[in-house]
Amino acid sequence: MLSRLTRFDRPRPPARSGTLQSIYDAAATGWQDGISKLGFLSAYADLMSSVPVVRNEPRVLDVGTGTGAFAQAWLDAHGAPAALTLTDISQSMLDTAAARLPGAVTIATPLGGSLDHIPPQDVVLCAHVIEHLEDPQAALAWLYDHIAPGGLLVLALSRPHWCTALVRWRWGNAAYHPAQAKQMLEAAGFADITLHPFKSGPPSRVSHGYIAIRP
Ligand SMILES: C[S@@+](CC[C@H](N)C(=O)[O-])C[C@H]1O[C@@H](n2cnc3c(N)ncnc32)[C@H](O)[C@@H]1O
């Protein structure tokens, strides 16, 4: 049992029954309040204050947006973008995000799905999504392909910790050491990869922020 909880490198089935989509649909109502109480809103705000400006009026995409908290943190730090697109597999999450960010376009599609109708983005955000996927390397390659040259990725990614083991039991997410994450980002083609540890509370124990440039 312990080894199943403490081996972090692959996603596992969540404790609850149902598809990941139905589990996140059911979680949508309390999600924003929950991550706020755990300190993720301030952790995200802190990370976004370190994100450089890539161009005026950028196009911004948040993949696996949930209730839009990561996108909101970017907006609070950088102002309104030229366009904001939010994607998720959970329609309930997307509906909540759309209510909180009324100017955004929402698209119900998985990471890896077709987004051919939107142009390459200047900023791609992705918080706590690729750790649900069987092939995180392919996920990073897909994110890379949706960023314009010179644009950047802001990633929040679960890190191994005993607290993460509890989260993993419930949600099934994998987790990655910074060295693994950096290796995967480099293999996908990213450069100037910087690690941004979260400073306090649960976010500091279960997650890390990363900023990476698409050359
Ligand atoms: C841990 S939550 C994070 C939500 C939000 N990014 C945040 O930080 O609050 C993971 C989100 O990713 C979505 N998700 C899971 N698998 C996905 C996939 N394959 N493609 C897109 N979104 C996915 C879930 O529906 C959920 O909203």
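In what order do the seven strands of the open sheet come? Keep that in mind as you open the structure, which is a predicted model.

**Stop 1: the sheet**

Colour the strands and read across: the order is β3-β2-β1-β4-β5-β7-β6, and the pairing is mixed. The edges are β3 (105–108) and β6, each of which pairs on one side only. Look along the sheet and you'll see the twist: neighbouring strands are turned by 15° against each other on average, direction ignored. A quick reminder while you're there: strands of a sheet pair through backbone hydrogen bonds, either parallel or antiparallel.

**Stop 2: β4 and its neighbours**

Select β4, residues 121–127. Is this strand mostly covered or mostly open? It's mostly covered, with seven of its seven residues buried. On one side, β1 and β4 run parallel and are joined by four bridges; to find the spot, show Leu61, which stands opposite Val124 in β4. Then go to the pairing with β5: here six bridges do the joining, and these strands are parallel too. Show Cys126 and you'll find Leu155 of β5 opposite.

**Stop 3: the β6 edge**

Slide over to β6 (191–197) and β7 (207–213). This pair runs antiparallel, with five bridges between the strands. Pick Pro197 and look across to β7, where His208 stands opposite.

Stay in β6 and click on Asp192. What is the phi of Asp192? It's near 50°, a positive value in a residue other than glycine. That's worth a click, because most residues other than glycine have a negative phi. Asp192 is also exposed, at a relative accessible area of 59%.

**Stop 4: a buried threonine in β2**

Now select strand β2, residues 83–88, and pick out Thr85. Thr85 counts as buried because its relative accessibility is 6%, and the cut-off for buried is under 20%. Which residues does Thr85 touch, leaving aside those up to four places away in sequence? Show Val60, Leu61, Asp62, Val105, Ile107 and Ile118. You've already met Leu61 at the β1–β4 pairing, opposite Val124.

**Stop 5: helices across the sheet**

Bring the helices back. Start with α3 (residues 40–48), which lies across β4, β5, β6 and β7 and runs at about 150° to β5. Next, find α6, residues 136–145. That helix lies across β1 (59–63), β4 and β5, and its angle to β5 is about 145°.

**Stop 6: the two faces of α8**

Select α8, residues 178–188, and show side chains: Ala181, Met184, Leu185 and Ala188 are buried. Turn the view until you look down the helix axis. The buried residues fall within an arc of 100°, so they line one face of α8. What do those buried residues pack against? They pack against α6, β5, β6 and β7. Flip to the face turned away from the buried side and you'll find Ala179, Gln183 and Ala187, which are exposed. Just past the end of α8, click on Gly189: its phi is positive, about 110°.

**Stop 7: α2 beside α5**

Two packed helices are described by the angle between their axes and the distance between the axes. Select α2 (residues 20–38) and α5 (residues 91–100): the axes come within 7 Å and cross at roughly 30°. That angle is under the 35 degrees cut-off, so α2 counts as roughly parallel to α5. To see the contact, show Tyr24, Asp25, Ala27, Ala28, Trp31 and Gln32 from α2, then Gln91, Ser92, Met93, Thr96 and Arg100 from α5. Sorted by class, this contact has five nonpolar, four polar and two charged residues.

**Stop 8: two loop residues**

Finish in the loops. Glu57 sits between α3 and β1. Glu57 isn't a glycine, yet its phi is positive, at about 50°. Is Glu57 buried or exposed? It's exposed, with a relative accessible area of 58%.

Then go to Pro119, in the loop between β3 and β4. Pro119 is partly exposed, at 39% relative accessible area. Draw a distance from its C-alpha atom to that of Arg59: the two residues are 60 apart along the chain, and the separation is 8.6 Å.

How values were computed: Residues numbered from 1 in each chain as written. Predicted model: local features only at pLDDT ≥ 70, side-chain atom pairs only at ≥ 80, totals over all residues. Heavy atoms only, no water. Buried < 20%, exposed > 50% of the residue type's maximum accessible area, 1.4 Å probe, protein only. Arc of directions from axis to C-beta. Contact = heavy atoms within 4.5 Å. Pairing = 2+ DSSP bridges. Axes fitted to C-alpha atoms, helices over the stretch in contact; angles between N-to-C directions. Parallel < 35°, antiparallel > 145°, perpendicular 65-115°, else oblique. Nonpolar A, V, L, I, M, F, W, Y, C, P; charged D, E, K, R; others polar.
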